[in-house]
Amino acid sequence: MIAMRDDELLIEREFDAPAELVFRLWQERDHVLRWWGPEEFTTTELDWELTPGRPWRGAMVAKDYGLTRFGGVIREVNPARQIVFTFAWDEDSGRDMETVVTVTLEQKNGRTLQTFHQAPFSSVAIRDSHVGGWDSLFNKQQLYVENIAAAQAKGGFA
């Protein structure tokens, strides 16, 4: 087990899909737009391109929470293996600092282990407030990725 500091968040998710596909669905904005955000949210804006040094921006909306804006900068891209980007909520969201997100993909026997690491957080409470949202986002991502992987296996998705 990995020892974590209080200012770190780590979430692992396994997909029944190859790493190249999981990466591609992170890479292409039109795909990310379909699964980004917790389950009760709809992403309405997304300026996302995996080019190191490039800023990215997004917005999502939910009936109970209204409009939320966020963004950052793409830092590193290692195709089919790793994406590093900064993440910050816009000032009016009440969040207080920029974090660094590292998404690592590891393929084993045709499946992909996605490891999501985010840090630093200013408090345990703020870190913990992100867990449910990211887990919910990964629920949407998993359904999307695995449906596409199944369609690909049947020759129905290029």
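When I say that two residues are in contact, I mean that they have heavy atoms within 4.5 Å of each other. With that in mind, and remembering throughout that this is a predicted model, let me begin with one residue, Ser136, which, leaving aside its neighbours within four places in sequence, is in contact with Pro38, Glu39 and Glu40. Ser136 belongs to helix 3, and because its relative accessibility is 7%, where anything under 20% qualifies, we count Ser136 as buried.

Let me turn now to the sheet. Here 7 strands form an open sheet with antiparallel pairing, and the order across it reads 1-7-6-5-4-3-2. At the edges we find strand 1, residues 9–15, and strand 2, residues 42–47, each of which pairs on one side only. If we ignore direction, neighbouring strands of this sheet are turned by 25° against each other on average.

Looking at individual pairs, strand 1 is joined to strand 7, residues 111–119, in the antiparallel sense over 7 bridges, and within that pairing Ile11 has Phe116 of strand 7 as its bridge partner.

Strand 5 pairs on both sides: 6 bridges join strand 4 to strand 5, and 6 bridges join strand 5 to strand 6, with the strands running antiparallel. On the strand 4 side, Asn78 stands opposite Gln82 of strand 5, and the hairpin of these two strands has 3 residues between them, where Ala80 takes a positive phi near 65°. On the other side, Phe87 has Thr99 of strand 6 as its bridge partner. How many of the 8 residues of strand 5 are buried? The count is 7, and therefore strand 5 is largely enclosed by the rest of the structure.

That brings me to the helices. Helix 1, residues 19–27, packs on the sheet and touches strands 1, 4, 5, 6 and 7, while its direction makes about 150° with that of strand 6. Helix 3, residues 124–153, lies across strand 1, strand 5 and strand 7, and runs at about 15° to strand 1.

Finally, these two helices also meet each other, for helix 1 and helix 3 pack at an angle of about 120°, with their axes 10 Å apart, which means that helix 1 is oblique to helix 3. Their crossing is right-handed. Helix 1 contributes Leu21, Val22, Arg24, Leu25 and Trp26 to the contact, and helix 3 contributes residues including Phe138, Tyr144 and Ile148. Taken by type, the residues of this contact divide into 9 nonpolar, 2 polar and 1 charged.

Definitions and conventions:
Residues numbered from 1 in each chain as written. Predicted model: local features only at pLDDT ≥ 70, side-chain atom pairs only at ≥ 80, totals over all residues. Heavy atoms only, no water. Pairing = 2+ DSSP bridges. Helix = DSSP H or I, 4+ residues; strand = E, 2+ residues; numbered from the N terminus. Axes fitted to C-alpha atoms, helices over the stretch in contact; angles between N-to-C directions. Parallel < 35°, antiparallel > 145°, perpendicular 65-115°, else oblique. Left-handed = near helix turned anticlockwise from the far one by under 90°. Nonpolar A, V, L, I, M, F, W, Y, C, P; charged D, E, K, R; others polar. Buried < 20%, exposed > 50% of the residue type's maximum accessible area, 1.4 Å probe, protein only.
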